[in-house]
Amino acid sequence: MLTIRGLLVIIATILATGIGTVAPAGASASVTLDGSFSTVTVKPQFTALCPSGVADECGTIQLAGLGTADWAYAFGPTFEPNGRCYNVDGTLKLILQSDGSTISGPLTGRYCPGPSATGQEHGGIISYGNPFVEDDIIKFTGGTGQFAGLSGTASFHTFFAGARSTGTLKGILSSN
């Protein structure tokens, strides 16, 4: 009886401490990208947000669980008409401000300007930010730091109108 009781104590200890836990086959590390930004720029104070040569659009984004990150979108050569919108491409890079971890990847999407081509032409004369919306897909790879060994797809939605810009980034990065 003493031997069975001792064996039960050992089994209970193993189960309680998790020593006997077996990881499922194919388990992988992953990072969820869930972020947003919203900025307002006053015209008299407007200067380019991106340092020269870094990117065509950039800013900061708050990523849940990861903190603030800088984002930089370098436009690619594609700007092809698709109805009243345009197919676009480029590269998007994220840099975590906390530790400098980076990840980037090619971007493809659809850019849709404001109300009409005529509205764009006329509005451009009196405004520095005619409305547009862009919906993109990014295939992230080649990360460093917290993103090392991770890859995945994310959606990047941006809306700019006058002085206001907003956006979201949603996706999952995982090891393969």
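This is a short walk through the fold, the disulfide, the core and two hairpins of a predicted model.

Hi everyone, thanks for coming. Please keep in mind throughout that we are looking at a prediction.

Let's start with the overall layout. The chain has 176 residues, and 31% of them count as buried. It contains two helices and eight strands. If you read from the start of the sequence, the order is α-β-β-β-β-β-α-β-β-β. How much of the contact network joins residues at least 24 apart? Taking contacts between residues at least 6 apart in sequence, the share is 54%. As for the outside, the chain exposes about 10500 Å², and carbon and sulfur atoms supply 61% of that area.

Now, the cysteines. How many disulfides does the model have? The count comes to one disulfide. The partners are C85 and C112, with their sulfur atoms 2.0 Å apart. C85 sits in strand β4, residues 85-96, and C112 sits in strand β5, residues 102-113, so the bond ties together parts that are 27 residues apart in sequence. The torsion about the S-S bond is about 110 degrees, so this disulfide is right-handed. Are these two cysteines buried or exposed? Both C85 and C112 are buried.

On to the core. Nonpolar side chains tend to be buried together in soluble globular proteins. In this model, the largest nonpolar core has 26 residues, and L33, L94, F140 and L169 touch the most other members. Which strands feed this core? At least two residues come from each of β1 (30-40), β2 (57-63), β3 (67-82), β4, β5, β6 (132-140), β7 (151-161) and β8 (164-174). The biggest giver is β4, with four residues.

Let's click on F140 for a moment. Setting aside residues up to four places away in sequence, its contacts include L33, L92, L94, I103, L169 and L173. S151 is also on the list of residues that F140 touches, so to speak of that serine next: S151 is in strand β7. Its relative accessibility is 17%, under the 20% cut-off, so S151 counts as buried. Besides F140, S151 touches T141, I172, L173, S174 and N176, again leaving out residues up to four places away in sequence.

Last topic: the hairpins. β2 and β3 pair in the antiparallel sense over seven bridges. In that pairing, E57 stands opposite Y73 in β3. Three residues lie between the two strands of this hairpin, and in the turn G65 has a positive phi of about 80 degrees.

One residue to look at here is A69, which is in β3. A69 has 0% relative accessibility, so it counts as buried. Which residues does A69 contact, beyond those within four places in sequence? They are G59, T60, I61, L63, I95, L96 and Q97. From A69 to G59 is 10 residues in sequence and 8.5 Å in space, C-alpha to C-alpha.

β3 then pairs with β4 as well, in the antiparallel sense and over 11 bridges. Here E80 stands opposite N87 in β4. This hairpin has two residues between its strands, and G83 in the turn has a positive phi of about 70 degrees.

To bring the threads together on β4: it pairs with β3, holds C85 of the disulfide, and gives the most residues to the largest nonpolar core. Thanks, and I'm happy to go back to any of these spots on the screen.

Notes. Residues numbered from 1 in each chain as written. Heavy atoms only, no water. Buried < 20%, exposed > 50% of the residue type's maximum accessible area, 1.4 Å probe, protein only. Contact = heavy atoms within 4.5 Å. Areas by Shrake-Rupley, 256 points an atom, 1.4 Å probe, with all protein chains shown as cover. Disulfide = S-S within 2.5 Å. Core = buried A, V, L, I, M, F, W, Y, C linked by side-chain atoms within 4.5 Å. Pairing = 2+ DSSP bridges.
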